[in-house]
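Trainee: Could you take me through one part of this protein slowly? I'd like a close look at the place where its two domains meet.

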Amino acid sequence: MNAQHRKPASGIGILGVGYFVPEGELTNADLEKIVDTTDEWIRERTGISKRHKTDAETATSDLAAGAALKAIEDAGITPTDIGLIIVGTATPDMFFPSTACLVQKALEAPQAAAFDVSAACSGFLYGLSIAENFVNSGKHEYVLVIGAETLTKIVDWSDKTTCVLFGDGAGAVVVGRVGDGRGIISSYLGSDGGMGDLLNLPAGGSRMPASEETVRNGMHYVKMQGNKLFKVAVKAMASAAVKALEDTGYTTDDLEILVTHQANQRIIDATARRIAVPPEKVYSNVEFFGNTSAASIPIALAEAKKKGILKEGMLVELVSFGGGLTWASVLLRW
Ligand code: UT7
């Protein structure tokens, strides 16, 4: 396929975007007082200097609703226009009701159907792909897709290998018809349950129900084999980025902005290098937010738009990777 035969954009894309993070911040200096770590180690190995942290009363749905209201305003619609709410999260308020249902209540959008997507850090892109299909089928005119997390609630604050990485926040988009020549061009979803043990939260579900013993053994905290995950993350995100470009007539040379899951600056850099996207085309804010899991891509999009970096008509690729393992990519004309 050559440039004359490029796959057209679907006309379905992102009408509005917004993010919301809690006011509380945790700097590397704060972490030095909690675990045996240093600002230097965290910056060098992850690129993170601070992250946001919710207070005891705030839950994922609160952040999700905050981001949703901003995205809805940005799209120029009202909550009662939304037909479906999808929340990607690994830190739901509770098992059920879904966080999406709690957001529906908070937004006062009784007409909307609502469900969560469980794909860890890839939850937002999985949700975006589902939303495109619902709009394309004519079932819904406007679908709200939110990535929202409070990872600081499920990390072990005595484990320096995980607690320095994560932050809280939410990002949201309204998906609908954006007009010819714009919107999603292609998307790709992948997973490998065989590597699920690299990143999980073992207890609290039906395999290992909550008990005094599980709590005593810290089995309700995130468990991660960071080093192994690092290598898989780079390979999986690079390959997912290429998959979404396949058969579209576009190559990585055509990309104007690459937004990957913000797990670690070294992972972002290595992924971009592997697919030959130069640093100036890579948007990153992991330094100030840490790894916000499913929220990281929509937060980055909202921030890039607010700063005037992300402009209408740009060719954008979004790529994620997370527990499951899961990975995903979406190519779109903004
Ligand atoms: O959202 C998707 C899921 N998460 C990820 O994608 C994370 C992927 N992994 C990573 O980002 C990196 O593997 C980490 C940042 C977690 C770790 O970096 P690394 O370069 O892979 O370090 P490592 O695990 O190989 O550990 C190197 C050393 C170890 O000490 P020894 O055994 O060499 O003496 C660790 O104990 O660094 C030590 N270490 C720390 N030292 C100070 C680990 N965490 C810390 C810390 N502060 N916070």
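Mentor: Sure, here is a walk through that interface, with a couple of contacts to look for on the way.

Keep in mind that this is a predicted model. The domain assignment gives domain 1 as residues 12–180 and domain 2 as residues 184–333. Their centres, taken over C-alpha atoms, are 14 Å apart. On the domain 1 side 49 residues take part in the contact, and domain 2 brings 45 residues to it.

Now for the area. Between them, domain 1 and domain 2 bury about 3,700 Å², and 65% of that is on carbon and sulfur atoms. If you want residues to click on in domain 1, go for Tyr19, Cys121 and Leu125: these lose the most area to domain 2, together 18% of what that side buries.

What about polar and charged contacts? Between the two domains there are 17 residue pairs in polar contact, counting pairs with both residues at pLDDT 80 or more. Which elements of domain 1 supply the touching side? Those that give two or more residues are β1 (12–20), α2 (39–46), β3 (50–52), α5 (123–136), β6 (143–150), α6 (160–163) and β7 (168–177). Helix α5 has the largest share, with seven residues. Sort the residues of that side by kind and you get 22 nonpolar, 17 polar and ten charged.

Next, salt bridges. Side chains of opposite charge can pair when their charged atoms come close. The rule finds one salt bridge across the interface of domain 1 and domain 2. Lys305 and Asp74 form a salt bridge, with their closest N and O atoms 2.7 Å apart. Searching the whole structure turns up seven salt bridges. One to look up is Asp254 with Arg6, where the closest N and O atoms are 3.1 Å apart. Asp254 sits in the loop between α8 (226–245) and β11 (257–260), while Arg6 is in the segment before β1, so this pair ties together parts that are 248 residues apart in sequence.

Last, have a look at the rings. The count comes to one aromatic pair. The ring centres of Tyr19 and Phe289 are 5.9 Å apart and the planes meet at 80°, so the pair is edge-to-face. Tyr19 lies in strand β1 and Phe289 in helix α10 (residues 286–289), so the pair links parts that are 270 residues apart in sequence. And yes, you've met Tyr19 already: it is one of the domain 1 residues that lose the most area to domain 2.

Conventions. Residues are numbered from 1 along each chain as its sequence is written. This is a predicted model: local features need pLDDT of at least 70, side-chain atom pairs count only at pLDDT 80 or more; totals for chains, interfaces and linings use all residues. Side-chain values use heavy atoms; hydrogens and water are left out. Domain bounds come from an automatic or database domain assignment. Contact means heavy atoms within 4.5 Å. Buried area is the accessible area (1.4 Å probe) that two parts lose on being put together, summed over both. A salt bridge is a side-chain nitrogen of Lys or Arg within 4 Å of a carboxyl oxygen of Asp or Glu. A polar contact is a pair of N or O atoms within 3.5 Å; within protein, one must be able to donate a hydrogen and the other to accept it, and residues adjacent in sequence count only if both atoms are side-chain atoms. Helices (H or I, at least four residues) and strands (E, at least two) are DSSP runs, numbered from the N terminus. Ala, Val, Leu, Ile, Met, Phe, Trp, Tyr, Cys and Pro count as nonpolar, Asp, Glu, Lys and Arg as charged, and the others, Gly among them, as polar. Rings of Phe, Tyr and Trp (its six-membered ring) pair if their centres lie within 6.5 Å; planes under 30 degrees apart count as stacked, over 60 as edge-to-face and the rest as tilted.
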